[in-house]
Amino acid sequence: MPLQYTDGEFEGKKLLIVEGSLDDTVDLAPFEDPSYTYVDCEKLNRMLSVGIRKWVLTLKARPSDAPLYFVRCSVMFVEQLNVIDGFVGNSEVQSFFAPYICEDCDEEHAFLLKKDDVVDSEAPSKTCPSCSKELEFDEDEDEFFEFLED
Ligand SMILES: [Zn+2]
């Protein structure tokens with residue numbers, strides 16, 4: 001599904017909710033609209049290289065006095081953020097999903113974290129919603145939280 005946009009509200013400001021894939025047909029015009037403050041990226045589910053190139057250029061062009069704050073970024077979004085220089089330009093990631101796994105239930109759980117939840121690249125401890133056992137972090141912590149170091 002090509003990228004679709006829905007308007008929302010977050011902390012009293014205009015929120016752009018994004019859903020679908022960043023492919024070669026992507027229209028990123030809403031990212032040039034200065035009235036948006038927040039972007040919800042939970043459902044941004046695929047990123048192809050042509051789309052990523054457009055995305056990086058669009059965000060780079062955003063004036064530095066009108067940054068966007070990305071919230072609810074998916075695990076995939078964070079992975080791109082860590083490998084692509086300037087992935088969000090002058091904008092900022094405020095909250096994101098982090099992958100955990102329960103070794104007893106063999107189930108994956110994603111938890112929404114805020115920047116401040118992570119200190120020294122250490123994932124905050126979380127417990128399994130099914131069995132209450134402490135979860136293991138399901139990525140390399142230094143790599144996954146690298147974007148927070150900037
Ligand atoms: Zn469990």
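## Strand pairing and two positive-phi residues

Tyr-100 stands opposite Phe-137 in strand 8. This is a predicted model. The facing pair belongs to the contact between strand 6, which covers residues 95-102, and strand 8; the two strands run antiparallel and are joined by two bridges.

Strands 6 and 8 are part of an open sheet of three strands, ordered 7-6-8, in which the pairing is antiparallel. Strand 7 (107-114) and strand 8 (136-137) each have a single partner strand and stand at the edges, so one side of each has no neighbour in the sheet. In general, strands of a sheet pair through backbone hydrogen bonds, and the pairing can be parallel or antiparallel.

Two loop residues have unusual backbone signs for their residue type, as listed here.

| Residue | Phi | Loop | Other C-beta atoms within 10 Å |
|---|---|---|---|
| Glu-11 | about 45 degrees | between strand 1 (4-10) and strand 2 (13-22) | 10 |
| Ser-132 | about 70 degrees | between strand 7 and strand 8 | 9 |

Glu-11 is not a glycine, yet its phi is positive. The residue sits in the loop that lies between strand 1 and strand 2. Is Glu-11 buried or exposed? Glu-11 is exposed, because it has 10 other C-beta atoms within 10 Å and the cut-off for an exposed residue is 12 or fewer.

Ser-132 likewise has a positive phi without being a glycine. Its loop runs between strand 7 and strand 8, the two strands that stand at the edges of the sheet. With 9 other C-beta atoms within 10 Å, Ser-132 is exposed.

Key:
Residues numbered from 1 in each chain as written. Predicted model: local features only at pLDDT ≥ 70, side-chain atom pairs only at ≥ 80, totals over all residues. Pairing = 2+ DSSP bridges. Helix = DSSP H or I, 4+ residues; strand = E, 2+ residues; numbered from the N terminus. Buried ≥ 20, exposed ≤ 12 C-beta atoms within 10 Å, placed from the backbone.
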